[in-house]
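Okay, everyone, thanks for coming. Let me put the structure up, and then we'll go through one strand and the pockets.

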Amino acid sequence: MEFVVKSPGACGELIQGQIDGQNFLVTCPIERYSIATAWPKTTTQTHELPYKAQQAVAVTKEYLRIVRDIDVVLYSELKDGKGMASSSADISAVCLAVALAAGRHLSMQELARLALSIEPSDATFYPGIVQFDHLQGHFLRPLGHFPEAYICIFDQGGVIDTVEFNAREDLISKRAAKEKEIQKALTLLVEGLRKGDMIKIGTAATMSAYANQRILPRPYLADLDAWGKALGANGVIVAHSGTVCGLLLTDLKKLDDIRKGLSVEFGNTLTFLDCVKVYNGGIHFVRRS
């Protein structure tokens with residue numbers, strides 16, 4: 001019996017920062033996944049896994065006291081080091097797949113604890129949109145579901161290591177400096193999600209993107225924001241510790257204009273990566289015999 005688990009990635013975060021010293025992010029899950037397939041091992045054949053996925057297997061087996069060998073194959077639609085929650089999706093998919101293959105299950109809270117035991121984690125495996133302490137897991141607040149929407153994702157190039165980024169000595173002071181902006185953005189986002197108001201949601205995400213300029217500067221942000229507004233985008237979303245950014249759209253009527261105009265407006269600064277739907281479903285699995 002095989003179990004196939006799909007865990008969604010992200011286009012950055014709708015908001016990331018701190019309020020009253022509490023670090024958090026607000027998830028921005030998308031319809032792109034890490035897919036883990038697991039089954040009780042019956043042969044000597046082995047499948048190579050990335051290091052963090054290997055860690056996910058190990059911590060799950062230790063936590064659930066699984067003795068038998070479990071075989072795992074992992075495939076991802078997400079790029080590493082970009083701020084697309086690729087590691088979080090890999091880890092959560094593998095953890096749940098291993099548990100299911102051993103006849104066990106993991107709650108969302110258990111998944112979060114296991115993921116955080118490996119590295120700072122996104123929380124896109126939770127259903128809907130959540131506010132989550134991505135460093136310690138001490139705080140979780142469901143915020144509701146995202147209205148039907150799309151994100152055109154762009155990449156500025158390079159990679160950023162999440163662990164190294166979160167170890168920066170200047171982060172504490174720089175996060176504290178933007179607390180008021182983050183509080184305003186969060187208040188607006190919560191109201192926007194409650195009312196299904198894409199303008200408020202997009203404005204809140206854009207506010208957080210600008211607030212993050214003091215931590216991870218994007219020289220092109222103002223131009224991207226203005227260009228997006230001219231094309232009818234509701235706002236800009238960024239990976240606060242990654243290289244991707246995106247325009248939030250209610251439909252794809254301007255997709256061709258965006259793809260054709262990107263190089264004209266931004267040259268080699270940004271490349272078109274994908275156009276995806278925002279996803280509310282969280283992690284899910286199917287049983288396959």
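So, which residue in S10 is the bridge partner of valine 5? It's phenylalanine 285. Quick housekeeping: this is a predicted model, where local features need pLDDT of at least 70, side-chain atom pairs count only at pLDDT 80 or more, and totals for chains, interfaces and linings use all residues. Residues are numbered from 1 along each chain as its sequence is written, and side-chain values use heavy atoms, with hydrogens and water left out.

Back to strand S1, residues 2-19. Strands here are DSSP E runs of at least two residues, and helices are H or I runs of at least four, numbered from the N terminus. In S1, 16 of the 18 residues are buried, meaning under 20% relative accessible area with a 1.4 Å probe, protein chains only. S1 pairs antiparallel with S10, residues 284-288, over 5 bridges; pairing takes at least two DSSP bridges. On to S2, residues 22-40: that one runs antiparallel to S1, with 13 bridges, and glutamine 16 has leucine 25 as its bridge partner there. In the hairpin of S1 and S2, aspartate 20 takes a positive phi near 55 degrees.

Now the largest pocket. A pocket is an open set of points on a 1 Å grid over the protein atoms alone, where a 1.4 Å probe fits, with protein on both sides within 12 Å along at least five of seven lines; lining residues have an atom within 4 Å of a point. This one has 33 lining residues, with Ala85, Ser86, Ser87, Glu119 and Thr162 nearest its centre. H2 gives the largest share of that lining, 5 residues.

Key. Buried < 20%, exposed > 50% of the residue type's maximum accessible area, 1.4 Å probe, protein only.
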